[in-house]
Amino acid sequence: MHLINPTRSRPGDHTAASRSRRTLRARRWAGWLFALPALAFYAVFNFRPILLSIQYSFYDWDGIGASTWAGLENYRAVFTDPEQLSSLLHAFYLILFFTVLPVTLALISASVMRQIQGKFTGTLARTMLFLPQIIPGAAAGVAWTWMYSDNGVVNQLLRAVGLESAARPWLGDFTWALTAVGFIGTWLSTGLCTMLLLAGIGKIDGSLYEAARIDGAGAIRQFRSVTLPGLRNEIGVCVTITVIAALASFDVVYLATQGGPGTQTMVPGVMVYNLAFNESRLGAASALAVVLALIVIAVIVPLQRLFRER
Amino acid sequence: MLQRHTSRAGALSRRLRAPLAGIAAGSALVTLVACGAPGSGGSGSPAEASPTAVSTAVADTPATLTLFSAAGLQAYEQGLADAFQAKYPKITVKLRVEPDNNYNTVLPRLLASDSPPDLVQPADLLGGVKDGLLTNLDAYDKAYGWSSKVPASALAPGRVSDGVIGSGTLYQAGGSAGPLVGVFYNKELAAKIGMTTPPASIAELEAHMAKAKEAGITPIVASNQDGLIGHLYNLLLGDYMGAQALSDIVYHKPGATLDTPAAVQATEVLQKWIKAGYFASDVNALNQEASYGQFAGGKGLFFFQGSWIVQTLDKTFAGKYGVFPMPPADKGGKYAGMTSNTLAFSIAARSENKDAAALFLDFLTTPAAAEVAVKNGYAALTPGAGSAGEPSLSGTLTEQIQSGYAAIAADNGFDSWLQNAAPAVNTKLTQQLQLLVAGKVAPAAMVKTLQDTYANALKGS
């Protein structure tokens with residue numbers, strides 16, 4: 001917009017100045033005009049539901065009939081109801097499996113694949129790693145319930161290597177269900193992270209590796225001093241996406257366990273669904289959803305700072 | 001892309017931008033949220049929910065009715081639709097099918113929408129009535145005379161007054177047929193352990209299970225990822241508490257409580273069977289489909305289920321299994337078991353074809369409709385059917401269903417599912433049953449938790 005400013009440099013030429021001001025103003029609003037359709041969609045389908053959720057969270061409402069003002073009662077319940085509280089803790093536990101493990105695995109596999117890039121095996125490895133990414137979480141949830149079942153692949157493998165005693169119906173096991181669900185997340189997000197990191201590695205100047213090698217740096221030292229700093233941005237993206245996926249997980253958990261056994265795998269996403277649609281407590285569900293959103297923001301913002309390029 | 005406007009226009013607009021944005025956002029807030037308290041608009045006006053001028057002469061007026069069906073009942077409900085259309089060719093009945101476990105989740109919102117189905121079977125009848133989603137059928141009852149031609153006990157579960165089921169205004173009506181919820185058994189395995197007559201008491205049932213366990217047969221097939229051990233639990237509750245006491249809870253009768261020694265005793269029996277290893281070890285990880293597969297695959301002796309499974313179980317398994325009613329707690333005691341009137345439907349308050357829908361309800365009171373029900377595994381007390389005979393291990397499956405149902409009816413033993421007491425109880429029951437299977441909750445504590453959930457839900461409604 002400041003490109004048309006030259007006309008302004010003639011003070012006293014009022015007509016020109018005002019014309020340019022008009023043009024300026026028109027252009028400024030023209031920009032908004034182009035954005036309008038998108039903004040309208042955003043307002044109706046994103047902004048409005050958010051505001052309504054906030055509003056509902058202050059009411060006792062079954063979703064259809066009359067509602068009564070509940071004040072902060074629903075929020076109090078989020079932090080005092082052991083079930084809701086534990087669901088929040090489970091979400092944080094899942095970060096381990098949705099973020100920490102996948103990013104670590106992806107760093108290793110991306111570094112390894114950098115060496116075999118371009119060859120047929122490299123393409124094959126990339127394809128296989130990325131494959132889980134094109135499968136919807138819901139389908140993965142169903143597939144994994146079979147693999148985790150008493151006679152499923154996981155137990156068959158354990159039995160095959162003599163770990164008979166470790167075999168169990170994983171998703172029905174009180175101790176292991178949440179971890180088992182977590183590994184589904186690991187499987188889902190490792191591919192995505194590998195792809196992102198691999199793309200990042202490709203951008204790192206090859207001469208840096210060469211220089212490091214000349215300075216006598218081994219593979220591990222190269223990884224620590226060249227790869228890791230060079231991937232700062234990409235790791236940031238991976239962490240952000242997967243942490244959100246962990247905290248706001250729904251599809252995988254809903255299809256694999258629905259939060260069971262007991263409430264061992266209950267996560268906020270499933271809890272919100274249960275409260276809203278099975279128990280018809282929209283107020284309580286909205287309060288939990290709002291808290292969840294705030295927690296996600298509270299976790300993501302510092303992470304963004306941390307990974308921002310210096 | 002930082003704007004570096006130095007022009008006065010720029011400065012002006014910059015000064016204005018914040019307030020403008022504020023006004024825009026504010027007005028957006030107002031327009032978006034200014035609807036006041038949520039739900040205050042209401043969905044069904046009283047006039048919609050309680051028609052007074054009704055017509056029974058609609059058989060010749062072309063109309064299309066939508067029947068909201070659960071996938072597991074699709075064959076049966078299609079059968080009803082076909083039979084109805086054979087009699088009233090001008091009226092079409094279309095099925096709108098939803099997966100079983102989703103049926104009651106979407107139902108309230110569907111009923112409140114602008115295009116509700118006409119005929120529905122809500123599990124949460126009280127909630128539907130409270131929110132004005134269901135049609136008051138009293139005027140139709142009068143016009144068609146249902147109250148005089150259908151057994152009162154079949155219509156009572158469809159009556160609501162003051163938030164209590166059992167009497168008052170009619171909201172769900174039709175004929176009289178229901179599933180037998182009882183003990184399905186694998187004939188081959190039953191012969192192996194020498195079971196020749198239906199057990200007459202819980203102790204006898206238990207003896208058979210012990211024998212099966214000894215013979216290396218899994219005594220009970222069940223699924224509990226979805227909490228369906230609940231069928232067995234509910235049967236035990238009915239046995240020990242008595243059908244009436246259990247129904248009182250489900251129907252919200254004032255003062256009804258689950259926190260009784262009898263309920264704890266029922267829970268203890270279930271716990272004993274769990275501890276004895278009568279269930280497969282992975283029962284908490286199994287869902288209903290898997291349990292159907294296991295039972296039809298000969299993987300266990302007993303299957304505590306409802307006779308609707310006849311519609312879904314592998315057809316090659318037909319003839320290889322039978323059913324008997326849940327034996328009474330003690331020999332000579334009263335039979336008890338859950339049922340629901342599968343021949344009774346509600347009409348959506350927002351339905352535009354109420355008169356035609358009522359004609360469908362009237363059709364459900366005819367023998368033709370009862371016949372469809374019986375064909376699909378339900379029991380119907382059809383006039384002229386005569387005595388169904390004593391429960392036995394011989395006879396066809398249909399005969400066994402009829403005789404089992406008749407035995408419970410003779411003892412006035414029909415009750416309902418505890419989870420139908422309130423949606424929150426449903427969720428909680430599944431969790432508690434999973435905890436019980438894992439040995440992580442004591443029977444008394446479980447009963448207390450369920451009662452607390454129930455009491456809380458009542459407070460809210």
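**Salt bridges and a small sheet question by question**

Asp173(A) is buried, its relative accessible area being 15%, and this value, like those that follow, belongs to a predicted model.

Reader: With which residue does Asp173(A) form a salt bridge?
Author: Asp173(A) lies below the 20% limit for burial because its relative accessible area is 15%. Its partner counts as partly exposed, at 23% relative accessibility, and the closest N and O atoms of the pair are 3.5 Å apart. The residue in question is Arg168(A).

Reader: How many residues apart are Asp362(B) and Lys149(B)?
Author: Asp362(B) and Lys149(B) form a salt bridge whose closest N and O atoms are 3.0 Å apart. The pair links distant parts of the chain, since Asp362(B) belongs to helix 15 (residues 354-363) of chain B and Lys149(B) to helix 7 (residues 146-149) of chain B, and the separation is 213 residues.

Reader: Is Asp150(A) buried or exposed?
Author: Asp150(A) forms a salt bridge with Arg159(A), with 3.9 Å between the closest N and O atoms, and a network of salt bridges links these two residues with Glu164(A). Whereas Arg159(A) is partly exposed at 31% relative accessibility, the value for Asp150(A) is 17%, which is under 20%, so Asp150(A) counts as buried.

Reader: Which residue in strand 5 of chain B stands opposite Val160(B)?
Author: Chain B has an open sheet of three strands in the order 5-4-6, with antiparallel pairing, and its edge strands are strand 5 (164-165) and strand 6 (169-170). Strand 4 (residues 159-161) pairs with strand 5 over two bridges. Opposite Val160(B) stands Ile165(B).

Key: Residues numbered from 1 in each chain as written. Chains lettered and ligands numbered in written order. Predicted model: local features only at pLDDT ≥ 70, side-chain atom pairs only at ≥ 80, totals over all residues. Heavy atoms only, no water. Pairing = 2+ DSSP bridges. Helix = DSSP H or I, 4+ residues; strand = E, 2+ residues; numbered from the N terminus. Salt bridge = Lys/Arg side-chain N within 4 Å of Asp/Glu carboxyl O. Buried < 20%, exposed > 50% of the residue type's maximum accessible area, 1.4 Å probe, protein only.
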